[in-house]
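Open the model in your viewer and get ready to click along. At each stop you will find something to select, followed by a short note on what is there.

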Amino acid sequence: MVSVRKSHQMSATNFEQWLTSLDINVDKKQALESAWQQVHHFFDEQVQCQEKSLEMVEILSGLNLDKDSLAAAFLIPLQQYDCISLEFIEEHFSKQVHSLCKGVIQMEAIKALQQNASAKVSANQIDNVRRMLLAMVEDVRAVVIKLAERLCHLRMVKNSDEETRVLAAKETSNIYAPLANRLGIGQLKWELEDISFRYLHPDVYKKIAKLLDEKRLVRERYMVDFVDFLDQELKKLGINGSVYGRPKHIYSIWKKMQQKSLDFEQLFDVRAVRIVVEKLQDCYSALGIVHTNWNHLHNEFDDYVATPKANGYQSIHTVVIGPEGKSVEVQIRTQQMDDDAELGVAAHWRYKEGSASGKTSGFDEKISWLRKILQWQDDVSESGELIDELRSQVFEDRIYVFTPNGDVVDLPAGATPLDFAYYIHSNVGHCCIGAKVFGRIVPFTHQLQTGDQIEVLTSKTPNPSRDWLNPSLNYIHTPRARAKVQHFFKLLDRDKHIAAGKELLENELNKLQISIVSLAEVTKRFNMFNDDDLYAALGSGNARLQQVVNFLHQQDDKLKPIEEIDPQSLVKQPTPQKKMSVDSNGIMVSGVGNLLTHMAKCCQPVPGDAISGFITQGRGISVHRLDCEQLANSLNQQPERMVEVEWGVESKQKYQASVQIVSSDRQGLLRDISTIIANERVSIVGIESHSDDSKQTMVMTVKVEITSSAMLSHLQLKLSQLDDVVEVKRL
């Protein structure tokens, strides 16, 4: 059933006349008049754009949407035709209008839902769909505007080529019509379905339309008598209501013929009547009148008042054998149920002045819409149009929860109240002492579900617990929250680490009799901002004491005055020397000559590390770092096999070392890591990575070739400064 469009009966010069013809209040007319004054000159060369703008306003005014929605609908075609930008709308119109336009534009991501199951989905598409879903939940008006825009698009391609019509019809029947159905907007749903059906199956559409037209006169005479009789019976019982013939849509007729394998003549609801009453009890009184006067078919009776449909639809359906033995479908509902069926969520939206008229809170409405949108996703997936990868990444791995004000928060599945608190703000998380879900106290380990409303209870002072960082206790699920807790304790322990680091460095320098006036060169070398940063890094173990001491030793040697050399001292004296031999690995073995050495794979020592040797059977001397656990175990069993070794003269020989990186799993992480390694002139030998989708973390082990431990430490420091990197350590 296609409505008559006033927008095709006017030109740009009689906008006022068109505006007066709309059945809307003064505020809405003023909002449209203001929008017209701002943009009317853009319509000069865009006749189709003007028609679409006016037509969308007509459709939405019939759905009783507010002034901001009508203004946004008026502007959307101009944005689609590249006449104006989103920035222009933000500059010249209210925040509400801009937000609605942005939401409608974001719904372009809906196209990603149409891909075949074999299609690849990019990360950008997934992000776009997620943003679209959040926009839909935040403001359902954007959804209604988009549905009106698609209806206008369907109407406008009527005279286009067949391919254009078919593509538009497929998109509508697969995506937008199910969405309108889920949101209960029957007024748009029926026309979206009928026009799509006409484009996809023109011959069948014309055949059914012809059959309906041939029977129209006979059916109209029959229905007038039937309606008059029912109207009189209602008045006899004192029931206030109206009775009228209900238009039957061609798509629904065809669908019923397909589902039940019926011919047109066998359909029960070609003749259809609707009874609209004031009160709920009147529905069942009217049903009693219908069933008292005519026999009904038991298999065709449905009470959607007692058990509403998933989209909230309520009505009583029955089929009776009326006069002349002809079947008639009767629908009985209240006026509120009728508004709900025709307008859906638009019937409940309360953005009017003084929202006291709304019976339900905005939060409850958002919860309801969220459920309907997720159910619509199920409808689409059942039709085979939604790809599995997108479905799992957008819906199954994410949850959508609400603040007490009704704002939507997008979190990974498995998130806890602490994850929610840290998402809101770091201080909210630090001060969190409890949480409520729907007003009920829940533990920190409680896993949130889609649709939950969370209230965070806070103290005046931050007081996180170190237990929150224990993965086995399940207090925190997201890397973002974990990183914020770790950062808090880093700052909390900073003073203690500074004192410990300062003491360590001073003790070591005293042993080596190195006197240092300034640490400026050291802090610069290790990318620290000041001396306290250096002490804190040493005290927390983030910087190696031996590396700092080695660097200071080199600086101290440079500052020492050059001593005059006694010529006599150059004469070689026959003094006994400890035999030292240097092998191909750059290792000097004390007391033993010409022995084979190899670097232990368990700890991979590099020049600058404190090392020790262990005599193996048949493989020479295995060189380990002094802190190697495997060396300690071997020496406990066979201490006599230990041998002193040390690094020889400085060489450019390369040694292999492994670095483990723990980070949040994100796009571009491998690229950033490889870029830093390349900039440091370090060669990569191999990379292994493992991702944990449930925790959204990535553990990567990178094997590199370096010439010294200082070079490795510098590389670790650079990697630890990357965004989302939680930990970098040498294996």
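## Stop 1: a buried loop residue

Select Leu183, which lies in the loop between α9 (162–182) and α10 (186–200). Helices here are DSSP runs of H or I with at least four residues, strands are runs of E with at least two, and both are numbered from the N terminus. Leu183 has 1% relative accessibility, so it counts as buried; buried means under 20% relative accessible area, exposed means over 50%, and partly exposed is in between (1.4 Å probe, protein chains only). Now add Tyr313: it is 130 residues from Leu183 in sequence, but their C-alpha atoms are 9.5 Å apart in space.

Before moving on, a word about what you are viewing. This is a predicted model, in which local features need pLDDT of at least 70 and side-chain atom pairs count only at pLDDT 80 or more, while totals for chains, interfaces and linings use all residues. Residues are numbered from 1 along each chain as its sequence is written, and side-chain values use heavy atoms, with hydrogens and water left out.

## Stop 2: the whole protein

Zoom out to see 27 helices and 22 strands. Of the 731 residues, 46% are buried. Contact means heavy atoms within 4.5 Å. Among contacts with a separation of 6 or more, 68% are between residues 24 or more positions apart.

## Stop 3: the cores

Which residues touch the most other members of the largest nonpolar core? Select Leu60, Phe74, Leu75 and Leu147, which do so in a core of 59 residues. Helix α8 (residues 140–156) gives the largest share, ten residues. A nonpolar core is a set of buried Ala, Val, Leu, Ile, Met, Phe, Trp, Tyr and Cys residues joined through side-chain atoms within 4.5 Å.

Stay on Leu60 and leave aside its neighbours within four places in sequence: its contacts are Leu65, Ser69, Leu70, Ala73, Val144, Ile145 and Ala148. Apart from this core lies another, of 30 residues, including Val589, Met599, Val606 and Ile706.

## Stop 4: Val290

Next, pick Val290 in helix α14 (residues 280–293). Its relative accessibility is 0%, so Val290 is buried. Beyond four places in sequence, Val290 is in contact with Leu230, Ile275, Thr318, Val320, Val330 and Ile332. Gly322 is 32 residues away from Val290 in sequence, and the C-alpha to C-alpha distance is 9.7 Å.

## Stop 5: two crossing helices

Two packed helices are described by the angle between their axes and the distance between the axes. Show α21 (residues 494–512) with α23 (residues 531–540): their axes come within 6 Å and cross at roughly 90°. The two helices are therefore roughly perpendicular to each other, a label for angles of 65 to 115 degrees; under 35 counts as roughly parallel, over 145 as roughly antiparallel, and the rest as oblique. Axes are lines fitted to C-alpha atoms, for helices over the stretch in contact, with angles from 0 to 180 degrees between N-to-C directions.

## Stop 6: an enclosed strand

Select strand β15 (residues 611–615). Four of its five residues are buried, so β15 is largely enclosed by the rest of the structure. Two strands pair if DSSP finds at least two bridges between them. Five bridges join β15 to the antiparallel β16 (residues 621–625), where Arg625 stands opposite Ile611. Five residues sit between the strands of this hairpin, and Gly618 takes a positive phi near 90°. β15 also pairs with β17 (residues 642–643), antiparallel over two bridges; there, Gly613 has Val643 as its bridge partner.

## Stop 7: a four-stranded sheet

In what order do the strands of the open sheet of four run? Colour them as β20-β21-β19-β22, with antiparallel pairing. β20 (683–692) and β22 (725–730) are at the edges with a single partner strand each, so one side of each has no neighbour in the sheet. Nine bridges link β20 to β21 (residues 697–706), and Glu688 stands opposite Thr701 in β21.

Finally, add two helices. Helix α26 (residues 669–679) lies across β19 (655–664), β20 and β21, at about 20° to β21. Helix α27 (residues 709–720) lies across β19, β21 and β22, at about 170° to β22.
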